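Work through the exercises below with the sequence and the coordinates at hand. Each task is followed by a stepwise solution.

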Amino acid sequence: MIIKLLLILFMTLFGSLGGFFFKKASDHPLGINTPFIMKLGTGGAFYLAGAILNIYLLTLLPYTVVYPITSVTYIWTMILSSLFLNETITIKKGIGVLLISAGSVLLVL
């Protein structure tokens with residue numbers, strides 16, 4: 001069970017990191033320039049790793065568990081955006097994350 005939990009955490013973290021690097025790529029002009037391509041490639045690699053883990057998890061767990069658990073990605077996204085993009089975590093966002101967490105726990109139990 002611990003391995004499955006770790007795989008879920010990595011799958012969702014990788015999805016969030018993919019989006020984070022896509023956001024960072026948007027800081028640069030669209031086109032053929034090294035910073036844009038590096039961040040775009042990094043984001044794509046994280047998304048691909050998350051997708052591969054998702055497919056593997058579907059061999060271990062029911063679809064009705066794996067798919068809703070991907071909502072944990074939103075938690076990672078909020079943490080990353082707060083730490084690295086200086087975005088504000090409001091009470092409303094905090095409550096949303098608590099509800100996502102509670103829902104995910106209920107699905108797994």
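The exercises that follow concern a predicted model.

**Exercise 1. Describe the overall fold of the protein in terms of its elements, extent and burial.**

Step 1. Assign the secondary structure: the protein has five helices and zero strands. Read from the N terminus, the order is α-α-α-α-α.

Step 2. Take the extent along the principal axes: the C-alpha atoms fill a box of roughly 45 × 35 × 20 Å.

Step 3. Turn to burial and surface. The protein has 109 residues, and 27% of them count as buried. The exposed area is about 7100 Å², with carbon and sulfur atoms supplying 77% of it.

Step 4. Consider the sequence range of the contacts. Among those between residues at least 6 apart in sequence, 70% join residues at least 24 apart.

**Exercise 2. Determine which elements line the largest pocket, and of what classes its lining residues are.**

Step 1. Begin with the volume, which is about 250 Å³ for the largest pocket.

Step 2. List the lining. It comprises 14 residues, and those closest to the pocket centre are Leu5, Ile8, Leu9, Val72 and Ser104.

Step 3. Map the lining onto the elements: α1 (2–25), α4 (72–84) and α5 (91–108) are the ones that give two or more residues each.

Step 4. Sort by class. The lining holds twelve nonpolar and two polar residues, and no charged ones.

**Exercise 3. Is serine 16 buried or exposed, and which residues does serine 16 touch?**

Step 1. Locate the residue: serine 16 lies in helix α1.

Step 2. Apply the cut-off. Serine 16 has a relative accessibility of 4%; buried means under 20%, so serine 16 counts as buried.

Step 3. Leave out residues up to four places away in sequence; serine 16 then touches Thr73, Trp76, Thr77 and Leu80.

**Exercise 4. Classify the ring pair of phenylalanine 10 and phenylalanine 14, and place the two residues in the wider set of aromatic pairs.**

Step 1. Take the geometry: the ring centres are 5.8 Å apart and the planes are at 45 degrees. Centres within 6.5 Å make a pair, and an angle neither under 30 nor over 60 degrees counts as tilted. The pair is therefore tilted.

Step 2. Relate the pair to the helix. Phenylalanine 10 and phenylalanine 14 are four residues apart in helix α1, so about one helical turn separates them.

Step 3. Check exposure: phenylalanine 10 is partly exposed, because its relative accessibility is 41%.

Step 4. Widen the view. The count of aromatic pairs comes to seven, and ring pairs link Phe10, Phe14, Phe20, Phe21, Phe46 and Phe84 into a cluster.

Note on methods:
Residues numbered from 1 in each chain as written. Predicted model: local features only at pLDDT ≥ 70, side-chain atom pairs only at ≥ 80, totals over all residues. Heavy atoms only, no water. 1 Å grid on protein atoms, 1.4 Å probe; cavity = no way out; pocket = protein on both sides within 12 Å on 5 of 7 lines; lining within 4 Å. Points joined across faces, edges and corners; volume = space filled by probe spheres on them. Nonpolar A, V, L, I, M, F, W, Y, C, P; charged D, E, K, R; others polar. Buried < 20%, exposed > 50% of the residue type's maximum accessible area, 1.4 Å probe, protein only. Contact = heavy atoms within 4.5 Å. Areas by Shrake-Rupley, 256 points an atom, 1.4 Å probe, with all protein chains shown as cover. Phe/Tyr/Trp six-rings, centres within 6.5 Å; stacked < 30°, edge-to-face > 60°.
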